[in-house]
Number of protein chains: 2
Amino acid sequence: MPSSVQHELSRYPRTGRFLMGRLRSALTEGEKQLVEDVIEGEHHLGGGELIAHRGAECGSSSILIDGFAIRVIARGGQDHIVSLQVPGDFIDLHGFALKRLDHDIYTLGPAKVGLVSHARLSEVIGHQPHLARLLWFSTLLDGAIHREWICKLEELSAAQRVAHVFCEICRRLEMVGIEAHHGFSLPLTQAQLASMCGTTAVHMSRALRRLRNETRASFRHGRLDLPYPAALAAFCEYDASYLYGPGELQVAGDYDD
Amino acid sequence: MPSSVQHELSRYPRTGRFLMGRLRSALTEGEKQLVEDVIEGEHHLGGGELIAHRGAECGSSSILIDGFAIRVIARGGQDHIVSLQVPGDFIDLHGFALKRLDHDIYTLGPAKVGLVSHARLSEVIGHQPHLARLLWFSTLLDGAIHREWICKLEELSAAQRVAHVFCEICRRLEMVGIEAHHGFSLPLTQAQLASMCGTTAVHMSRALRRLRNETRASFRHGRLDLPYPAALAAFCEYDASYLYGPGELQVAGDYDD
DNA sequence: CGTTCCCTTGAGTAGTTTCAATACTTGTGG
DNA sequence: CCACAAGTATTGAAACTACTCAAGGGAACG
């Protein structure tokens, strides 16, 4: 882990990864401290536990400190995974403006989350328009990722879709300072991967075999091995610009006021 | 058109439909006036004109006053439609927090848009936390719609997907006070519908035929006729709660402070 | 050591794509 | 007002991708 990441995490153990690799640099130390202090409690959760429930009125939001989470929409008896969150993500900040969520959120494997009450958040934001705008920004990131998923579902084959999922998670982990370039642990079943890719578990098994043969990427027992990340990216024509990382689409300058 | 809608539009000709059917009731008359006044100019556009361009630094956003718009992501030579906007939508308010867009936005048929500079918006929002939160809310609505589209692409057949698109547009039009219950004009080609549904133009033609046979919904020459809206909704098991209209998920009370 | 969940494989079927040919619509200019 | 061109929609047939059902193998947990 780079020392700059280590430094950030030791100073802000709960929120050090928030917006890391995105616009964290636009936050002042004071603002970072405010975000850190707004977290009221820390929860250690097991795998498959419910973090937020569709329809329930939510008075607080959670930030994912460690582990993964998924958003799930139940439709016609079946559960559909519509997105995945990585550490540093403010999982259900939506709830702050939406009041009720249109989906459920579950942990994926053991996870640590921090809690923020909306009352407290409201208070802080009222005096901090710059911070408010960055929180807003962070919720729009999810929208950008959703759009890419729509695109992916509209265009790619099943094998390319999983490849895309793997590329995205890899990139997002690296953005928040987690080494993932040549593989990482990902506590998902093939059935869940299938759900994310709009296909069946049986077909997912075949898609993964194809991926192993053609790109050497192998997903086994909740772990992805990625000896040739570039091959995987080429396989699904992955372009990460929608993640608003450093480069093309990001305009940090405008937030530095 | 109900007289309440007429009244709102005569008072706020450019922004009268903003959040209508959603949380417009949570806006005070003063806030509505602020929103109306923040619009600096009005543009009349033809069909297929570019409203906002991917990657360009945007200093202003647009609200759709009349007509339709689509969000398009170019990927691998092909254009993919990832969402559709109806009157009253603040089309690219995203740009305010994101600074650059990850997609292009085009008009669909003739449209009227209002322009807001970000500098002006920033100024107003700084003093209006309640209004800021409702603007934030309006951008999260797009996210909720994106999630439903992901779900739709993951689960439904081609015919059900178009049905879903039709149901959604119908519902959204009615929410903002446009009569659409038994049909409406929708200047789309079958190829564009196919792009929204992740299928081909040829297959879309067959899907539409099936829809005509099974639900009496007929889409011809840019117009949808809907003698039995309930049949269409049943066909794709449509549940509009993700639109955060009055009911289940909406909590207006919390914004009435 | 066995139950359970997860993954893999095969064979048949359904849904979707592709290619190619034909018609319908709309707009333009003669 | 008609002819023409361009774009749009429909149809058929063959190929392909993905789904379903069903059975067997493997890993993990008690």
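**Exercise 1. Find the acidic partner of Arg75(B) across the chain A–chain B interface, then put it in context.**

Start with the pair itself: Glu148(A) forms a salt bridge with Arg75(B), with the closest N and O atoms 3.1 Å apart. Salt bridge here means a side-chain nitrogen of Lys or Arg within 4 Å of a carboxyl oxygen of Asp or Glu. Next, count: chains A and B share 6 salt bridges.

A note before going on: this is a predicted model, where local features need pLDDT of at least 70, side-chain atom pairs count only at pLDDT 80 or more, and totals for chains, interfaces and linings use all residues. Residues are numbered from 1 along each chain as its sequence is written, chains are lettered from A and ligands numbered from 1 in the order written, and side-chain values use heavy atoms, with hydrogens and water left out.

**Exercise 2. Work out how much the two chains bury, and which residues of chain A lose the most area.**

First, the contacts (heavy atoms within 4.5 Å): 58 residues of chain A touch 58 residues of chain B. Then the area: about 5,300 Å² gets buried between them, 59% of it on carbon and sulfur atoms. Buried area is the accessible area (1.4 Å probe) that two parts lose on being put together, summed over both. On the chain A side, Arg75(A), Trp136(A) and Arg147(A) lose the most, together 17% of what that side buries.

**Exercise 3. Decide how chain A and chain B are related.**

Step one: superpose chain A on chain B by least squares, using C-alpha atoms of residues with pLDDT of at least 70 in both. That takes a rotation of 180 degrees with 0.0 Å of shift along the axis (RMSD 0.0 Å). So you're looking at the relation of a two-fold axis. Step two: find the chain A C-alpha nearest that axis, which belongs to Gly143(A), at 2.4 Å. Step three: compare the surfaces. 100% of the interface residues of chain A are also interface residues in chain B, so the copies meet through the same surface.

**Exercise 4. Trace which parts of DNA strand C the protein touches.**

Look at the strand's atoms within 4 Å of the protein: 72% belong to sugar or phosphate, the rest to bases. Now take individual polar contacts (N or O atoms within 3.5 Å). For the phosphate, a polar side-chain atom of Thr199(B) lies 2.4 Å from a phosphate oxygen, and a polar backbone atom of Ala158(B) is 3.3 Å from one. For a base, a polar side-chain atom of Arg206(B) sits 3.0 Å from a base oxygen.

Terms used:
Near = heavy atom within 4 Å. Polar contact = N/O pair within 3.5 Å; in protein donor to acceptor, adjacent residues only side chain to side chain.
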